Amino acid sequence: MVAVAAQEIAGVCNNRSFATPPRHGLSLNKRSGGRRQLSNFRIDLRENPRTKTSSNANATVLDGVTTDEPHPKSTTGQYTGKKAVVIGAGPAGTVAAVFLAKRGFDVKIFEKRSHPSSVPSNVHRSIPLTLNPKASAIVRSIGATIPKQGFKDGMHRAAGSVFISDKGIQEGGSRLKEECIFGERHSIASNIIKAAEGQNLPNLGFFYDMPCEGVDIEQNVVKVGGQLEEYDLLVGADGTNSVVRKGLEKNRTDFEAVQYAVRSRYKSFRDIPAPAKAKGPFFESVKPGTLAFVNLKKTQFRGPQAIVIYTNDSGMFQGSFLGTTDSLDAIEGRELQWLTEAVPSVFPKEWLEPIANQLKTASESVIGPVTCCSSLVGPKIALLGDACHSVTPTFGIGANLAIRDTLALDEAMDFGDGDVDSALKNYNKEWHPQVDSIMTLEKMGPILSFQGDSTPWQKLGGMFFAFHVKFHGIGNKFLPWLIPQSVYRRIFSSELNGVQALRTFRREGVMVVAFIITAIYKTIAALARIAMGAV
């Protein structure tokens with residue numbers, strides 16, 4: 001099942017269903033009647049007929065409004081004088097802070113870690129991310145740039161994925177046709193912060209080494225770094241162990257959060273140089289911007305099942321071993337012996353010893369937990385990203401969904417027109433159904449559905465997940481005009497939103513069950529006729 005998940009992770013890096021990229025900033029589809037419908041909202045990546053350039057080459061015209069900013073509606077200032085506190089300066093928190101500042105809020109963003117520029121990138125865990133076209137467009141809207149070629153500040157234009165095994169090297173699909181960002185989470189987060197700071201917004205301030213210590217929901221006060229900060233809006237973008245979310249859980253009976261433990265673990269290795277004679281199919285496949293999945297052979301030690309490898313901006317190779325606590329424990333003390341037996345024949349032999357040595361000392365990292373919340377908001381509080389919907393890597397959607405949250409919140413602020421409570425109510429009403437649908441699909445994925453405490457329905461969902469991925473993967477390869485890609489890949493490409501994807505998945509499930517019941521009925525009927533004929 002981990003292999004199925006790995007194929008789906010790779011698949012979202014090679015999705016072929018992307019539309020044509022936007023020529024002029026961001027545009028948001030609206031339903032008729034003028035009311036924004038975030039339940040079906042999307043960034044339109046095709047050229048919008050309502051969008052045209054002005055005499056200023058850098059300006060954008062949307063709905064008759066000309067601006068030099070790529071996200072014009074967030075410059076209206078309806079919330080001037082109101083205080084916003086953002087907890088967490090990750091990608092979602094930083095983008096949200098910029099959007100809120102452009103709305104007129106006086107924004108302070110607090111981060112428990114030091115400024116990224118003061119922390120060497122090689123001390124971080126190896127967490128590669130691919131931002132899809134919509135998330136990339138949102139990131140570009142605050143000034144971040146995607147390099148046309150090569151690395152720039154640790155980011156690279158995504159180039160797809162490959163599978164490497166003893167059966168050979170297989171391309172995961174066609175190269176991405178959109179401007180998708182590939183890079184380590186640390187690099188992407190650092191560049192988003194750099195872009196936000198480059199906006200020079202006088203009403204936006206960053207504060208580092210300032211952990212959130214608690215929230216007084218009744219008084220609208222949050223304690224950060226030992227000091228109290230009042231707020232008119234508090235944004236919790238502080239990850240899976242969110243202090244803001246825990247404050248809501250403790251003080252609100254109408255708010256519930258459930259976390260599902262995940263047994264999957266990984267260990268990272270970094271800065272492995274290419275051999276002196278780095279030639280052959282392996283190095284021709286693992287190019288910059290490419291995510292390589294190395295399928296490992298089963299050995300007597302029952303170790304991890306796969307390695308993810310990619311290149312960094314220094315030309316070095318790094319990656320992670322994917323497995324469980326049991327599989328990582330099984331190879332402890334015999335890492336080199338296991339690795340020698342497990343890797344495919346094309347794997348560079350010069351790498352075995354240095355990677356095995358790092359595997360011995362690397363700390364074990366956890367995938368998860370998966371977090372599901374009954375709401376995205378509380379009194380004067382909005383939750384973003386992992387604080388309210390942390391996921392496994394199955395979709396390749398975690399960071400993308402978190403960044404999409406920021407645009408959903410920003411559009412809700414436009415709907416609120418200066419009223420924070422109205423904006424939050426709209427954010428939850430329109431966006432939570434999308435998030436909730438994706439989390440329902442997440443619980444059917446293989447990483448979660450085959451845990452020891454999963455329900456029979458979750459296990460059944462996991463079995464259908466595997467069937468769905470295989471069927472659509474093979475079917476779309478040979479009959480693309482008839483069989484679409486899996487709903488998980490279509491979520492990544494935003495071809496389907498969460499509600500549509502869940503509806504499609506369930507409809508297919510009903511069809512499969514109906515087919516099985518019909519087949520069983522006809523088989524029994526045929527056997528009965530044979531038996532009656534024999535009599």
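A salt bridge is a side-chain nitrogen of Lys or Arg within 4 Å of a carboxyl oxygen of Asp or Glu. In this predicted model, R103, D410 and D414 are linked in a network of such salt bridges. Twelve salt bridges are found in the structure, and several of them are taken up below, after an account of the chain as a whole.

The chain has 535 residues, of which 54% count as buried. Its secondary structure consists of 16 helices and 24 strands. Among contacts with a separation of 6 or more, 71% are made by residues 24 or more positions apart. The accessible surface of the chain is about 23900 Å², and carbon and sulfur atoms contribute 53% of that surface.

Strand β17, which covers residues 264-272, offers a suitable point of entry into the detail. R265 lies in this strand and forms a salt bridge with E364, the closest N and O atoms being 3.7 Å apart. E364 lies in the loop between α9 (352-361) and β21 (365-366), so the pair ties together parts that are 99 residues apart in sequence. The two partners differ in their accessibility class: R265 counts as buried because its relative accessible area of 17% is under 20%, whereas E364, at 33% relative accessibility, is partly exposed.

K267 also belongs to strand β17. What is the nearest side chain of opposite charge to K267, and how far away is that side chain? The side chain in question is E364, at 5.4 Å. A salt bridge requires a nitrogen and a carboxyl oxygen within 4 Å, so this distance does not qualify. K267 is accordingly buried yet without a salt bridge. Residues touched by K267, not counting those up to four places away in sequence, are G319, S320, F321, L328, L359, A362, S363 and E364. E364 is thus both a contact of K267 and the salt-bridge partner of R265.

A further residue of strand β17 is D271. Its phi is near 55 degrees, a positive value in a residue other than glycine. At 33% relative accessibility, D271 counts as partly exposed. A positive phi is also found at D417, where the value is about 50 degrees although the residue is not a glycine. D417 lies in the loop between α11 (398-416) and α12 (420-442), and with a relative accessible area of 58% this residue is exposed.

Two other ion pairs may be considered next. Side chains of opposite charge can pair when their charged atoms come close. E213 forms a salt bridge with K223, with the closest N and O atoms 3.8 Å apart. This pair links distant parts of the chain, ten residues apart: E213 is in strand β12 (residues 212-216) and K223 is in strand β13 (residues 221-224). E213 is partly exposed, at 43% relative accessibility, and K223 is likewise partly exposed, with a relative accessible area of 36%. In another salt bridge, the side chains of D254 and R252 meet at 3.0 Å, N to O. R252 counts as partly exposed at 28% relative accessibility.

The cysteines call for a brief remark. A disulfide is a covalent bond between the sulfur atoms of two cysteines. The structure holds zero disulfides. C180 is buried, at 0% relative accessibility, and C212 is buried as well, at 14%.

Two features remain to be located on the model. The first concerns S117, which lies in the loop between β5 (106-110) and β6 (128-131). With a relative accessible area of 63%, S117 is exposed. The C-alpha atoms of S117 and K194 are separated by 9.3 Å, while the two residues are 77 residues apart along the chain.

The second feature is a nonpolar patch on the surface, formed by I474, F478, L479, W481 and L482. Together these residues have about 610 Å² of accessible area. One of them, L482, lies in the loop between α14 (456-478) and α15 (487-492). Is L482 buried or exposed? Its relative accessibility is 53%, and L482 counts as exposed because the cut-off for that class is over 50%.

Technical notes
Residues numbered from 1 in each chain as written. Predicted model: local features only at pLDDT ≥ 70, side-chain atom pairs only at ≥ 80, totals over all residues. Heavy atoms only, no water. Disulfide = S-S within 2.5 Å. Buried < 20%, exposed > 50% of the residue type's maximum accessible area, 1.4 Å probe, protein only. Helix = DSSP H or I, 4+ residues; strand = E, 2+ residues; numbered from the N terminus. Contact = heavy atoms within 4.5 Å. Areas by Shrake-Rupley, 256 points an atom, 1.4 Å probe, with all protein chains shown as cover. Lys, Arg positive; Asp, Glu negative; His and termini not counted. Patch = residues over 30% accessible without salt bridge, like charges linked within 9 Å, V, L, I, M, F, W, Y side chains within 5 Å.
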